[in-house]
Each structure stands twice: as structure tokens, then as C-alpha cells.
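Work through the exercises below with the structure in view. Try each task before reading its solution.

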Amino acid sequence: MSASPVRVLVADDQLHVLESLRLLLKTRGCEVETVSSPIAAVRATESRELDVVLLDLNYRRDTTSGDEGMEMLSQIHTRDPELPIVVMTAYGSIDLAVEAMRRGARDFVQKPWDNERLLTTIVTQAELGRALRKGQALELENRELRGDGRHPDLIAESAAMRPLLQVIARVGPSDANVLILGENGVGKGLIARALHASSNRASRNMVSVNIGGISESLFESELFGHIRGAFTDAKSDRVGRFELADGGTIFLDEIANMPLTQQAKVLRVIETGEYERVGSSQTKRTNTRVLTATNAHLRNEVASGRFREDLLFRLNTVTVVVPPLRERREDVPLLATHFMRRYAARYRKTMRGFADKAMRALLEYGWPGNVRELDHVVERAVLMATAPQVTAADLALGNSSDSYTRLEELSLEEVEYVLVKKALTRFEGNVARTAEALGLSRSALYRRLQRFGL
């Protein structure tokens, strides 16, 4: 149950049903209001703050078609699209359920109801509705903080993300260099875009560079440009990334992969703003804010001699850490709904949310791949869904027992077992591809499979 009581409006024309539901919901700490007509229900939603509406579809005027309930559903949903509505009827059918979902219902319950399922449905929809409303409020707040009316898809309501949002609000408008740390898939690039969008440079370019994707031989040309004839394939002048970002922001992702031989050149441009294109003796200048990101421990890289300490000091004027998704589970419903809407629009499908079991599966899963994995899972689920709601089967997450476990809590033997098992699952039992991904020979992998009983 949520920290504050769930506020439920129950609409039904049978007094004994209203009393039964009122008593049932009150035993779970809900604040319950009951009404017995469609008009009263619509008025109640207009005058009160509610978390869920539990709506009967059949009333005295017509006790079988559900038309009165459908009209009421449409009115309530049109006025407040984010208010969760759960419909119920003793004359349920697949067609009626689909039509109710099409008009905005989040879930469907048939009388006589199962108490536990009904309670779970009410609480799940209430929490999802609250998360959506808070997310919208946060987006408006972030937009006001940035002052430019534009905002990236930074969705965060959890307590774990509040310090990060506060840092963005304080540091974003400055020109301070920011080092963004976090696991793969947590959204470090999104944080960089939020920092840029909240700065005075928001109207200028933000240029993103994946340092890990640039070969050492092309590194200098990519970042600083070259002139025609500087090397064999230099058939024309090329503008480098720092020049493209002049007046704006450059985002250097996977900064720990920067070749040691090139770090002095990057340090120079950060310190002085000066650089030369490859093959040119003419010094150029750039006024660029530098944002960087990595999932590596740069202090360890400095200690091992692979990263310059003076460069680290220039990059980490401010350091922010993006928490993994498993530490911000309150954001999972928000993010999942955001991704669902995006992919429903992209693939032209009508989707009305997540079934109860699907939402529970999302909340219980460990998300080792963080937000990026959630994005991919929801995209696949939208593509696979055959009903207006995403089901647990559509998500294909497997058992929650497969969820992520913190590596530092495991022995080396246990870590090896987890990695081998996950790789074997990812490649559907293909030993050759699993061995290649793990950097093992087939014989070495077979020995581990035998030892682990896989």
C-alpha cells in the first residue's frame, strides 16, 4: 500500500455492492467514497482529488449493455486522462472489456470479484497514476528551471534521483565541466543533455562523441579536424568536434577509453581553448563547455598510469553519479509508461497500460541493463502485445529469481557462474557464440559448464 491512503471512488447502483466494496477497501486503509449514479460519479471526479475510480458499467436505465457506464467512462477520461479507471460488470465479455479499454479504462474486473485481485488492481493503478502525475509535475518544474521551454526525456520521481536533479538545477546554468558517473545504461547521455538544456548555451550545438568508438589513428582528426593533404585520405578540409561545439557543449562519452597519447592534446584545449587541425600550424580557439561520462573508476585508471591525473582534475569540476535503476524502483512505472507511449505511437498500436502482473514483473525485476534494458523490453513488449494492455508474457522477463545481484556481494566463483549463465541464455545455448562473448575457448567454456552443472 502507498504511504498515504489510496482515495477510491466506487460507482454502482446496488447499495449492497457499494457497502461490500467500501468495507473491503477500508480494511486495506483506502479512503472510500461511494455514489450510485453516473451523474454523481462524474460530479465527484470534478470536485475531488482521487487516485482510482472503480466503475460499474450497468445501471438501472439499461442493466445489460453497459452503455451508461461507457458514457460515464468517456466523460471522466476526457476530463482527466491520467486518472486510473477500473471498470466492473456482472455481464462481462471480451468485446465489452476491449471497448472499455479503448475509451480509457486501465483494467477490467468481472463480478463476482476476487478480493485479492481487486485490491491488487486498485493499489497498482493508484500507484501508477500517482507516479504519472508526479512525473508530469517534475517535467514542468524542470522546464521552468531551464527557462527555455524545452526538456529532454528526463523522467525521475524517486528519492534517489532528487540530489541529481538538484545538481542539474544548480550546475546546469554554469559553464562548469561535469563528470557523469554510472553503470552502463543508466542514462548518462540524458543527464548530459539535461545539463546542456539548462545552460545559457542551450541554443547552440551540443556535440556528442563516443570516445570508445574512435580509433587512435583517427582520434586527433575527429576531435580537432584536419586540412586537405594532411594524410593520404584527407581529400578535403574537415571540421573537428571541438570546432563544431564552439559556443556550445561537447559531451565526451566513455572518457576512460581515451588513448593516453592523446590526453595531453585534450587537456590543452580544455585549459586554453587552443588547438590545431591535423596538418595545420594555425592555432584555432574554441569556447566550449566539456561534459564527460564513464562507467570506469578513473582514480584506478590514474593509479595504473592509463589516465592523466591533471586531465581528471580538469574534467571533474563537478562530479555527479547516476543511480542504477534498481535503486530507483519508484521510477519504473513512470519510465515504462513513457516508453510504452513512445513505441505505441511509433508502431501505430493502441496501448492502454500494463496488466497487474506485468507491472509487478517490472517492479520485481533487477534490471542489470538499467534504463536502456527497460527501454528495449518495453519496445519488444509493445510489438508482441495482442491486447490493449501489456502482459507479463509480452515482457518475457523470466523469473524474478534471475534478477540482478550486486557483484560485490558474490564470490569470484559465483560471479563467474552468473556471467556464464547469462551469456548462455542470451545466445540461446549456442556454445560457440557464448564462448566468443566471454573471451573463452570452447573447451574452457565446456569445463565451466560441467563444473557449474549448466
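**Exercise 1.** Find what L362 touches, leaving out residues up to four places away in sequence.

*Solution.* Use contact as heavy atoms within 4.5 Å. L362 then touches V332, A336, F354, W367, L374, L395 and L397. The model is predicted: local features need pLDDT of at least 70, side-chain atom pairs count only at pLDDT 80 or more, and totals for chains, interfaces and linings use all residues. Residues are numbered from 1 along each chain as its sequence is written, and side-chain values use heavy atoms, without hydrogens and water.

**Exercise 2.** Place L362 in the largest nonpolar core and name the elements that give two or more residues to this core.

*Solution.* Start with the term: such a core joins buried (under 20% relative accessible area, 1.4 Å probe, protein chains only) Ala, Val, Leu, Ile, Met, Phe, Trp, Tyr and Cys residues through side-chain atoms within 4.5 Å. This core has 30 residues; F354, L362, W367, L374, V378 and L395 touch the most other members. Next, the elements: α5 (115–146), α13 (332–346), α14 (356–364) and α15 (370–384). Helices are DSSP runs of H or I, at least four residues; strands are runs of E, at least two. α13 gives the most, 8 residues. Apart from this core lies another, of 27 residues, including I255 and L311.

**Exercise 3.** Give the strand order of the open sheet and explain why β2 and β5 each have one side without a neighbour.

*Solution.* The order is β2-β1-β3-β4-β5, with parallel pairing (at least two DSSP bridges between two strands). β2 (31–35) and β5 (107–110) stand at the edges with a single partner strand each, so one side of each has no neighbour in the sheet. Look at one pair: 4 bridges join β4 (residues 85–89) to β5. M88 has V109 as its bridge partner in β5.

Note on methods
Buried < 20%, exposed > 50% of the residue type's maximum accessible area, 1.4 Å probe, protein only.
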